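This note sets out, in numbered points, what may be of use to a colleague who meets this structure for the first time. The sequence and the structure are shown below, and the points follow them.

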Amino acid sequence: MKIREKIAGALVMISAAMPLASMAALAPGDAVEASMARDGSRMNTSVTLDLEGMKVKRNDAVILQPMIVNGPDTLVLDGVGVYGKTRKIQLRRQGHYPITGANEVALVSSKHLGEVALVQSVPYQEWMDGSTMVLRRTDYGCAGCGDIAMVETDLAGYQEYKYVPDFIFAEAVAETVKTRELSGRAYVDFPVNQTVIYPDYRRNSVELAKIIATIDSVKNDKDITVTSLSIKGFASPEGPYDNNVRLAKGRTEALKNYVQQLYKFPAGFIKTSYEPEDWEGLEEWVAKSNIDNKAGILDIIHSNLEPDPKNTKIQTIYPEQYRFLLDNVYPALRHSDYRIEYEIKQFTDTAEIAEVIKTSPQKLSLNEMYALAGTLTPGSDEYNEVFEIAVRMYPNDETANINAANSAMMRGDLVSAEKYLQKAGNSDKAEHAREILRNLKAINSNK
């Protein structure tokens, strides 16, 4: 016969134990305590059996075997055998002692067997998640009579700890006015000492086309209103300072007039300014370079000399390096920087936002993107994509990085999550996300 006696259910933690006080109607051979605990790739088991008072007749035997069971999967562990004196002698003569093999704890029946602890470590297998430790007791009657009785009793359970992160997404502040800007740098060439633009001169067609393309990208968009355009012209440090003032100012005005003729902006719409000599640009280039006498050149640039004496001093003390700068660096210091400021319409219809995010995500605020995410299934591909787009559009925004990190962890991408959290700031939500990341990494390292 076979009877399963349910004493305790599976305990949902990494280990489960059953003390004597929690078991009813203990009989000799029952378990005092049992536990299962996973340690990485191993499953550690421990069973303490109370054998005090167990009586086994001279011709009988009792086998107590712990087992790990989960549905059709079973792993029988090393157990204990208690033998009557005659049965032990008979089995030994037949070569069948101990009954379950060499690892069995084989004992001869007596009045004072006490407690026996069985501790074993076996390779962990996936099916053991949700398994139960069972104690199988098999009673063998007299030799040759064929009388065998078996009882199985549940001792403890094992279930993988299911860590369920509590992701807390950050809410983006709505923008009252969505103001954006585009900026660029054009290198419009002029004949020596002139301030007249020739569109076909050298690379001017390419450089002017850059400015036009930037303006057109926003001016022709029905969702955008251009609010201002500014141009700042720069000249290089060679030549008299007063003449460079004339050139920088005149060339900036020429570029303004060229753009004005194309677009017919309202009077005063295009704002202009100029820098007669781009010493800041020269300093930046020298500081990043490996040019000879770099420190000395920088000392002169940082000095309190007026522009003309400063340029002359570099030319006099470091003539070879000056010639290199004049030929290779100074031309790039003659440039026009432009900036276009504009406003984007507000989007409130999530269906419209869903279309805009596919083609022009740069038009959306974080708040608008997150409004769309609120209509999607958390953890879905579409949901995660919203947060990926958001952080791509706003790479340095703390809110965008917090939410992108949470989204990445939801789909198991801990590498991206860690990268995003480097830009997430130190708010409570950011620290909460970092705690989740630490937990998930710890769980992965134990697998």
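1. In this predicted model, Glu175 and Arg180 are partners in a salt bridge, with 2.9 Å between the closest N and O atoms. The two residues fall into separate accessibility classes: Glu175 is partly exposed, because its relative accessibility of 27% lies between the limits of 20% and 50%. Arg180, with a relative accessible area of 15%, is buried. The pair is part of a wider set, as a search of the whole structure finds 25 salt bridges.

2. A further salt bridge links Lys210 to Glu207, and here the closest N and O atoms are 3.0 Å apart. Both residues belong to helix 2, where three residues, or about one turn of the helix, separate them. Lys210 is partly exposed at 32% relative accessibility, whereas Glu207 is buried, with a relative accessible area of 6%.

3. Asp223 and Lys222 also meet through their side chains in a salt bridge, at 3.3 Å from N to O. Which of the two is buried and which is exposed? Asp223 is the buried partner, because its 9% relative accessibility is under 20%. Lys222 is exposed, because its value of 75% is over 50%. Through shared partners, salt bridges join Asp221, Lys222, Asp223 and Lys363 into one network.

4. Asp223 appears again in the surroundings of Lys345. Apart from neighbours within four places in sequence, Lys345 is in contact with Lys178, Asp223, Glu352 and Glu368. With Glu352 there is a polar contact between the two side chains, at 3.4 Å. Lys345 is located in the loop that runs between strand 15 (336–344) and helix 8 (350–359), and its relative accessible area of 33% makes it partly exposed. Leu364 is 19 residues from Lys345 in sequence, while the C-alpha atoms of the two are 9.0 Å apart in space.

5. Helix 2 also contains Asn204. How accessible is Asn204? Its relative accessible area is 0%, so it counts as buried. The side chain of Asn204 reaches the backbone oxygen of Tyr198 at 2.9 Å. When neighbours within four places in sequence are set aside, the residues in contact with Asn204 are Tyr187, Val188, Asp189, Tyr198 and Pro199.

6. Asp189, one of the contacts of Asn204, has a place in the description of the largest pocket as well. The volume of this pocket is about 610 Å³. Its lining is made up of 28 residues, and those closest to the centre are Asp189, Phe190, Arg251, Pro331 and Arg334. By residue type, the lining comprises 12 nonpolar, nine polar and seven charged residues.

7. Which elements supply at least two residues each to the lining of the largest pocket? Among them are helix 2 (204–219), strand 13 (224–234) and helix 3 (241–263). The largest share comes from helix 3, with six residues.

8. Some points of backbone geometry deserve the reader's attention. Most residues other than glycine have a negative phi, and most peptide bonds are trans. Against that background, the peptide bond between Tyr97 and Pro98 is cis, with omega at about -5°. Pro98 is situated in the loop between helix 1 (85–94) and strand 8 (105–108).

9. Arg202, which is not a glycine, has a positive phi of about 50°. This residue lies in the loop connecting strand 12 (178–186) with helix 2. Arg202 is exposed, because its relative accessibility of 61% is over 50%.

10. Asn293 likewise is a residue other than glycine with a positive phi, near 60°. Its position is in the loop between helix 4 (279–288) and helix 5 (294–302). At 40% relative accessibility, Asn293 is partly exposed.

Definitions and conventions. Residues are numbered from 1 along each chain as its sequence is written. This is a predicted model: local features need pLDDT of at least 70, side-chain atom pairs count only at pLDDT 80 or more; totals for chains, interfaces and linings use all residues. Side-chain values use heavy atoms; hydrogens and water are left out. On a 1 Å grid over the protein atoms alone, a cavity is a set of points where a 1.4 Å probe fits but cannot get out, and a pocket is an open set with protein on both sides within 12 Å along at least five of seven lines; lining residues have an atom within 4 Å of a point. Grid points are joined across faces, edges and corners, and a volume is the space filled by probe spheres set on the points. Helices (H or I, at least four residues) and strands (E, at least two) are DSSP runs, numbered from the N terminus. Ala, Val, Leu, Ile, Met, Phe, Trp, Tyr, Cys and Pro count as nonpolar, Asp, Glu, Lys and Arg as charged, and the others, Gly among them, as polar. A salt bridge is a side-chain nitrogen of Lys or Arg within 4 Å of a carboxyl oxygen of Asp or Glu. Buried means under 20% relative accessible area, exposed over 50%, partly exposed in between (1.4 Å probe, protein chains only). A polar contact is a pair of N or O atoms within 3.5 Å; within protein, one must be able to donate a hydrogen and the other to accept it, and residues adjacent in sequence count only if both atoms are side-chain atoms. Contact means heavy atoms within 4.5 Å.
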